[in-house]
Amino acid sequence: MLDFIIKRVIQTVIVIFLALTVVFFLIRLSGDPTVLMLPPDAPPEQYEEFRKQHGFDQPLHIQYVDFIKNSVKGDFGDSIRMGTSALGLVVERIPATFQLALTALTLSVVIAIPIGVISAYKRNSLTDRLGVGFTILGQAIPNFWLGLMLIYVFSVSFKMLPAGGGGSMIHLILPTVTLAMHSVAKFARFTRSTMLDVLRKDYIRTAKASGTPTNKILMKYALKNALIPLLTLISLELGTLLGGAVIVEVVFSWPGLGRLLMDSLLNRDFPVVLAGVFFIALIYTFINFVTDMLYAVVNPQIRL
Amino acid sequence: MSTKQPLLEIRNLDVSFRTQNDPLRIVHGLSLTLEQGETIGIVGESGSGKSVTSLAVMGLLPQPTGFISNGEILLDGRKISGLKEKEMRKLRGNEISMIFQEPMTSLNPVFTIGDQLSEPLKQHTKLSKKERKARIIEILKTVGIPRPEQIIHEYPHQLSGGMRQRIMISLAMLAEPKLLIADEPTTALDVTIQAQILDLIRRINKKKNTSVMLITHDLGVVAEICDKVAVMYAGEIVEYTDVRTLFDKPLHPYTQGLIASMPNMNERKGELHSIPGNVPRPTELPTGCHFSTRCTFAMDRCHKEAPPTISSGNNHTVSCWLHAIEQKEEPLEMEEENNVRHAITS
Amino acid sequence: MSQVSVGDKVYVAKVKKKERKIVSLTKRLVKSPFGLMGFLVILGVCIVGIFAPVIAPFNPVETDLTKKLLAPMTGGHLLGTDQLGRDILSRIIYGTRISLIIGITTVFFAGLVGTTVGVLAGYFRGWLDVVLMRIVDVQLSFPFILLVLIINAVLGTGLKNIMISLIVVGWVSYARVIRSEVLAIREKEFIHSCFATGVPRWEIIVKHIVPNLFTPLIVLASLQVSTFIIAEASVSFLGFGVQPPTPAWGNMLNEGKNFILSSWWLITFPGLALVITTLGINLFGDWLRDELDPEMNQNR
């Protein structure tokens with residue numbers, strides 16, 4: 001168990017280090033941010049000073065070493081645009097993004113699993129066909145368009161819900177539904193197919209032969225088996241939702257990490273982009289790690 | 001005799017499966033009776049419909065495709081075929097239990113043995129949690145599971161195949177059923193374990209007076225523990241009698257073939273006899289006698305008309321034209337008969 | 001020589017089998033309502049894209065401020081006009097081309113790169129495998145769409161750059177799947193007989209391994225097409241992809257969202273075009289997957 005954890009921690013560190021390296025070079029190779037940040041008619045001295053201030057006058061490899069040294073300390077420099085600590089800006093936005101992603105994840109699980117279970121149990125019935133149709137449609141609708149449509153219907157036409165902004169539960173509704181749609185479809189589909197597999201198993205026949213009621217067979221004996229692969233999918237989906245949140249946050253002006261990243265990318269505010277990327281890679285690898293642990297915990301056949 | 005109620009009575013049972021075209025009849029005109037405490041063997045090659053018969057008795061035919069298209073099944077004189085699922089559920093694991101061929105996959109991998117064993121008790125008794133545990137440990141001891149107090153906290157994958165089959169048997173026996181159906185209970189196990197499991201089934205049968213319906217392709221197993229035998233071929237019973245008569249005087253050519261193809265422990269035969277060909281698929285049944293395509297004694301008539309079921313005294317019935325025509329020839333050769341005797345006495 | 005021909009025979013047999021397979025696949029497609037519907041949608045999208053200049057009723061980039069924000073079915077504009085008076089229908093028809101180009105070329109090139117990497121890693125194993133797979137791991141530690149965005153922001157906007165960034169990010173999933181396929185094929189007997197008879201390495205790879213990757217590649221590509229089309233639309237929607245005035249569904253939605261209060265048609269129709277296209281591709285892809293890989297997808 002301990003061996004496994006240590007091995008995974010080392011792997012995680014390597015991956016994050018490589019990820020940072022890749023993004024650093026990508027961004028630096030794409031051009032000098034000074035040109036973009038200063039007005040074109042600024043005097044050359046001002047350019048010089050700006051470069052010095054942000055370390056852009058150093059050779060690339062020295063910039064890289066400095067960058068790695070600093071990022072280990074959690075220092076990604078100051079935001080070029082705002083002048084405050086880049087990491088600070090990122091950390092400030094993380095709760096909002098997490099709120100959105102976690103609510104969407106919870107919503108998808110709560111909706112999708114019953115749909116999948118019922119679909120599988122009533123295979124080929126009308127309910128099943130409706131469920132399958134819904135999942136196929138749900139997977140084909142891009143989330144940003146769904147967001148626009150929801151805004152049009154609920155904010156513009158019926159004036160029921162706010163079109164954007166953050167702060168209250170009311171504001172959370174539309175972005176959550178938008179973000180959750182794809183996951184609902186994905187989970188429902190997966191739950192259905194996994195349940196269909198499980199319901200064919202010999203041990204389900206054993207449970208029937210013991211006189212177990214159908215509900216209990218479905219919700220206890222079959223679902224727990226289906227949940228093991230499903231759990232992996234669900235926890236990995238959190239990462240996907242964090243990525244998808246970038247777009248949804250822009251659509252709904254949600255004050256999260258995604259919007260900050262978009263703004264920073266548009267303005268070539270690289271310290272903020274790097275800090276944001278660092279955080280997302282960190283969260284992503286952490287989720288992977290937790291998923292593996294979780295899998296080992298729920299599956300009695302695996303002993304680490 | 002006639003006033004006594006048999007425990008299980010199957011009358012003229014047809015089981016069919018829905019297909020894209022017409023429903024396909026898998027079992028046809030099957031009748032048998034089983035008294036309390038009796039053991040019946042149902043023998044046949046794979047595809048003969050023996051497992052389907054057992055699932056029909058359990059009310060576990062695959063849904064929604066399988067159904068009983070004719071006939072009835074009675075348990076203790078009560079008609080159980082066509083019962084509502086809810087009523088049937090009260091019988092399963094309670095009055096009728098079943099153990100399956102595959103001990104490796106028949107237990108749920110993500111629940112402990114104790115969890116799974118407490119299920120029939122939860123469904124059919126009002127025992128408290130503590131009483132359930134005591135009962136489970138008791139039954140595990142009777143089926144010969146060592147250190148049952150620990151085993152109940154373990155998962156199926158931690159146990160061997162033989163152990164798992166013992167667990168399956170204890171699962172079936174928990175509610176002390178009147179009828180135990182065992183579908184190829186030893187096929188997936190090693191030879192030494194096979195003997196132990198058969199011995200266990202026999203002991204349960206003797207001690208609790210539980211009736212046993214044993215589904216197998218192996219006549220050796222039948223010889224070991226059964227009182228009577230039904231030989232099935234292509235969905236029908238072709239010969240039905242008590243075990244001694246079957247081995248002493250098999251009448252149907254198919255039964256004779258099965259007996260001849262038994263490996264003999266005592267005598268080394270040069271080669272094993274085998275019946276050429278396979279059981280025909282339900283879609284491709286030959287007209288007349290279904291066995292006619294593989295039968296060495298097949299006559300013209302066999303290919304045209306279905307044979308009648310002939311009674312040849314003391315509860316021995318056979319469906320074969322050979323015996324409808326006053327048994328003028330003795331089909332069994334002496335040499336084979338000797339081997340059969342050896343097989344039984346050994 | 002005679003031993004080598006064993007492998008050749010397998011290969012030849014496979015090719016012949018494949019021809020027969022395509023014929024029977026077509027027969028089965030006609031019988032499957034969803035698969036057929038998906039196929040017809042794809043066919044329709046291709047036709048619309050290819051013959052856009054013939055089909056489109058107006059010039060998609062011609063502005064006419066006197067006709068701006070016309071509602072659908074007015075002034076001969078079936079789906080209305082946008083804020084610059086351009087015909088929405090014609091822009092959607094031309095926008096099909098962008099999605100087609102993305103769906104075909106990026107999936108192809110990402111597949112090419114990914115397959116090459118996967119084959120090399122899986123065939124040669126060792127340090128090459130380790131290095132390549134670490135790169136894959138790093139890429140997979142980012143959400144797909146975020147990485148596309150970052151690369152696009154760095155490279156700059158435009159169709160060419162969005163294609164590059166999709167290829168750069170997209171090859172990874174191919175590489176992973178293909179590598180594990182190759183690892184499995186490598187252990188097959190007919191490959192071992194090639195080793196034993198001294199068939200050159202490149203010949204083993206090209207003649208014996210690559211033809212066997214056909215099925216997983218088709219399955220994977222069918223999944224990727226709609227993912228890539230949606231990704232391009234998302235990136236263009238965020239302003240990093242295809243730029244106006246070139247019509248693309250994503251940037252039409254981006255421009256249209258500013259007029260959501262007054263003109264619903266600007267955001268509705270390009271989105272519908274996108275949904276119908278991805279739906280068609282997914283339906284066809286699901287069907288194809290069930291046909292080619294029946295074991296893996298019994299009930300999906």
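**Exercise 1. Which residue of chain A forms a salt bridge with B:Glu119, and how far apart are the closest N and O atoms?**

Before starting, note that this is a predicted model, in which local features need pLDDT of at least 70 and side-chain atom pairs count only at pLDDT 80 or more, while totals for chains, interfaces and linings use all residues. Residues are numbered from 1 along each chain as its sequence is written, chains are lettered from A and ligands numbered from 1 in the order in which they are written, and side-chain values use heavy atoms, with hydrogens and water left out.

Step 1. Take the definition: a salt bridge is a side-chain nitrogen of Lys or Arg within 4 Å of a carboxyl oxygen of Asp or Glu.

Step 2. Apply it to B:Glu119, whose partner is A:Lys216, with the closest N and O atoms 3.1 Å apart. The count of salt bridges between chain B and chain A is one.

Step 3. Add the polar contacts, that is, pairs of N or O atoms within 3.5 Å, where within protein one atom must be able to donate a hydrogen and the other to accept it, and residues adjacent in sequence count only if both atoms are side-chain atoms. Between chain B and chain A there are 12 residue pairs in polar contact, both residues being at pLDDT 80 or more.

Step 4. Locate the elements, remembering that helices (H or I, at least four residues) and strands (E, at least two) are DSSP runs numbered from the N terminus. On the side of chain B that touches chain A, α3 (113-124) and α6 (161-173) each supply at least two residues, and α3(B) gives the largest share, six residues.

**Exercise 2. Describe the extent of the contact between chain B and chain A.**

Step 1. Count residues in contact, which means having heavy atoms within 4.5 Å: chain B brings 24 residues and chain A brings 19 residues.

Step 2. Turn to area. The size of an interface is often given as the accessible area lost when the parts come together; here buried area is taken with a 1.4 Å probe and summed over both parts. For chain B and chain A the buried area is about 2,200 Å², and carbon and sulfur atoms give 57% of it.

**Exercise 3. Which two chains share the most contacts?**

Step 1. Of the two pairs of chains in contact, it is chains A and C that share the most contacts. Chain B and chain C do not touch, and their nearest C-alpha atoms are 15 Å apart.

Step 2. Describe the A and C interface: 44 residues of chain A meet 39 residues of chain C, and the two chains bury about 3,900 Å² between them, with 78% of that area on carbon and sulfur atoms.

Step 3. Look at the polar side of this interface, where one salt bridge is counted, joining C:Asp286 and A:Arg189 at 2.6 Å, N to O. Three residue pairs of chain A and chain C are in polar contact, both residues at pLDDT 80 or more.

Step 4. Sort the residues by class, with Ala, Val, Leu, Ile, Met, Phe, Trp, Tyr, Cys and Pro as nonpolar, Asp, Glu, Lys and Arg as charged, and the others, Gly among them, as polar. The side of chain A that touches chain C then has 31 nonpolar, seven polar and six charged residues.

**Exercise 4. How is chain B divided into domains?**

Step 1. The bounds, which come from an automatic or database domain assignment, give domain 1 (1-95 + 177-264 + 276-281) and domain 2 (105-175). The C-alpha centres of these two domains of chain B lie 25 Å apart.

Step 2. Domain 1 of chain B places 18 residues in contact with 12 residues of domain 2 of chain B, and about 1,200 Å² is buried between the two domains, 65% of it on carbon and sulfur atoms. B:Pro177, B:Ile197 and B:Leu200 supply 32% of the area that domain 1 of chain B buries against domain 2 of chain B, more than any other three residues.

Step 3. Between the two domains of chain B the count of salt bridges is zero.

**Exercise 5. Judge how far chain C may be read in detail.**

Step 1. Chain C has 12 helices and zero strands, and its C-alpha atoms fill a box of roughly 80 × 45 × 35 Å along the principal axes.

Step 2. Its mean pLDDT, the predictor's confidence in each residue from 0 to 100, is 86, and 92% of the residues of chain C reach 70 or more. Over residues 1-7 of chain C, however, pLDDT stays under 50. Where pLDDT is low, the predicted coordinates should not be read in detail.
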